[in-house]
Amino acid sequence: MLCVRAWRSVSPLSRGGHSTLWKRTQSCTAAARLDLSGIYPPIATPFTAKEDVDYQKLKENLQKYAKIPFKGLVVQGSNGEYPYLTEEERVEVVRTVRCSLPADKLVMAGSGCESTRATVQLTEKMAAAGADAVLVVTPCFYKGKMDSRALIQHFTKVADSSPVPVVLYSVPANTGLELPLDAVVHLSQHPNILGLKDSGGDITRIGLIVHKTKSQDFQVLAGSAGFLMAAYCVGAVGGVCALANVLGGELCELERLCVSGRWEEARVLQQRLIEPNAAVTRGLGVPALKQAMEWFGFHGGACRSPLQPLKEAETQQLRRNFASNGWL
């Protein structure tokens, strides 16, 4: 029988910036806490020629992903072009994925919005659509004011009201804002905050987060395939990796090698993944990921405007990044 944390708020956030304190007790329950360990592709959103969501092609991708030993899928993350979808589209994509995916695969849905109120409301809709957990990105439009105090209050309110567990999401390459370490440690005490997806790539930071939250049931996921092995070395439990949309089996194999301690084999495989991963993330972004998906038998297609397709030289470079590492 597993134990989960029960809590009550001791004092609210004060204007002086003092954090909410949680008094925790241990209460045993038959319900197991959600285990996040494993590999998740943050799936792309296919579009028609008119830039409508192509649900048929999405379902065809899902049929193929169901055959790969993923722990689950991240839906409406950065690679799903969520900022370009309406709220209704975001929810319907999650509903489609949940209805099409085997029940044993987790669905982690991106529900982050700029305001706390909107995030709370969308989180409830994602849960109703079938999400097992929500991935909540840091609000960033007013990034200069998004200090630890503001972010702790934001995520606490979301987690307080969420019907499903919350996973924090720090992606400074897109938001220009890294979720501060002290905020992560504080939020790790909340019983409805399960963990963190950290896409920053700072292994020292990931290791320190694991260390400082080791007394909590807090799970850290690497946010990219480029540092997946290193993240496992310092205590991460899995990864949300854009490259898994293309090389899903290979990412799951890297996970298996790391978990079983076969580090030499893991190192060789990890090195072959670094260049193609860099190309479909920080290098050339979502248009490159979608192009690579086409090469590997998935529906990628065009992005929604204003994202543009790759130039010919970029496509050639992308192919070299995969081919030189033995993937094409």
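The following conversation goes through the strands, helices and selected residues of a predicted model.

Q: What kind of model is this, and how are residues numbered?
A: The model is predicted, with local features needing pLDDT of at least 70 and side-chain atom pairs counting only at pLDDT 80 or more, while totals for chains, interfaces and linings use all residues. Numbering starts from 1 along each chain as its sequence is written, and side-chain values use heavy atoms, with hydrogens and water left out.

Q: In what order do the strands of the sheet stand?
A: The order is β3-β10-β9-β8-β7-β6-β5-β4, eight strands in an open sheet with parallel pairing. Strands (E, at least two residues) and helices (H or I, at least four residues) are DSSP runs, numbered from the N terminus. Two strands pair if DSSP finds at least two bridges between them.

Q: Which strands stand at the edges?
A: Those are β3 (38-40) and β4 (72-75); each has a single partner strand, so one side of each is left without a neighbour in the sheet. From one strand to the next, the twist averages 25 degrees.

Q: How many bridges join β8 to β9?
A: Four bridges join β8 (residues 193-198) to β9 (residues 219-222), and the two strands run parallel. Within this pair, leucine 196 has valine 220 of β9 as its bridge partner.

Q: And how many bridges are there between β5 and β6?
A: β5 and β6 pair over three bridges, in the parallel sense. Here alanine 109 has valine 134 of β6 as its bridge partner.

Q: Is β6 buried or exposed?
A: Five of the five residues of β6 (residues 133-137) are buried, so the strand is largely enclosed by the rest of the structure. Ala133, Leu135 and Val137 point one way, Val134 and Val136 point the other way, and all are buried. Buried means under 20% relative accessible area, exposed means over 50%, and partly exposed lies in between (1.4 Å probe, protein chains only).

Q: Turning to helices, where does α2 lie?
A: Helix α2 (residues 87-100) lies across β4 and β5 (106-110), and runs at about 175 degrees to β5. Axes are lines fitted to C-alpha atoms, for helices over the stretch in contact, and angles between N-to-C directions run from 0 to 180 degrees.

Q: How do α1 and α2 cross?
A: The axes of α1 (residues 55-65) and α2 come within 10 Å and cross at roughly 40 degrees. The two helices are therefore oblique to each other. Angles under 35 degrees count as roughly parallel, over 145 as roughly antiparallel, 65 to 115 as roughly perpendicular, and the rest as oblique. The crossing of α1 with α2 is right-handed: the near helix is turned clockwise from the far one by less than a right angle, whereas anticlockwise would be left-handed.

Q: Which residues make that contact?
A: On α1 they are Tyr55, Leu58, Lys59 and Leu62, and on α2 they are Glu89, Glu92, Val93, Thr96, Val97 and Ser100. Contact means heavy atoms within 4.5 Å. By class, five of the residues are nonpolar, two polar and three charged. Ala, Val, Leu, Ile, Met, Phe, Trp, Tyr, Cys and Pro count as nonpolar, Asp, Glu, Lys and Arg as charged, and the others, Gly among them, as polar.

Q: What about α11 and α12?
A: The axes of α11 (residues 285-295) and α12 (residues 312-323) come within 11 Å and cross at roughly 60 degrees. These helices are therefore oblique to each other. Ala288, Gln291, Ala292 and Trp295 of α11 meet Thr315, Leu318, Arg319 and Phe322 of α12.

Q: Where is proline 306, and what is its peptide bond like?
A: Proline 306 is in the loop between α11 and α12. The peptide bond from serine 305 to proline 306 is cis, with omega near 15 degrees. Most peptide bonds are trans, and most residues other than glycine have a negative phi.

Q: Which phi value does glutamine 76 have?
A: Its phi is near 65 degrees, a positive value in a residue other than glycine. Glutamine 76 lies in the loop between β4 and α2, and is buried at 2% relative accessibility. Glutamate 81 lies in the loop between β4 and α2 and has a positive phi, near 55 degrees.

Q: What does asparagine 79 touch?
A: Asparagine 79 touches Pro42, Ile43, Ala44, Thr45, Ala242, Val286 and Leu289, not counting residues up to four places away in sequence. Asparagine 79 is buried, with a relative accessible area of 12%.
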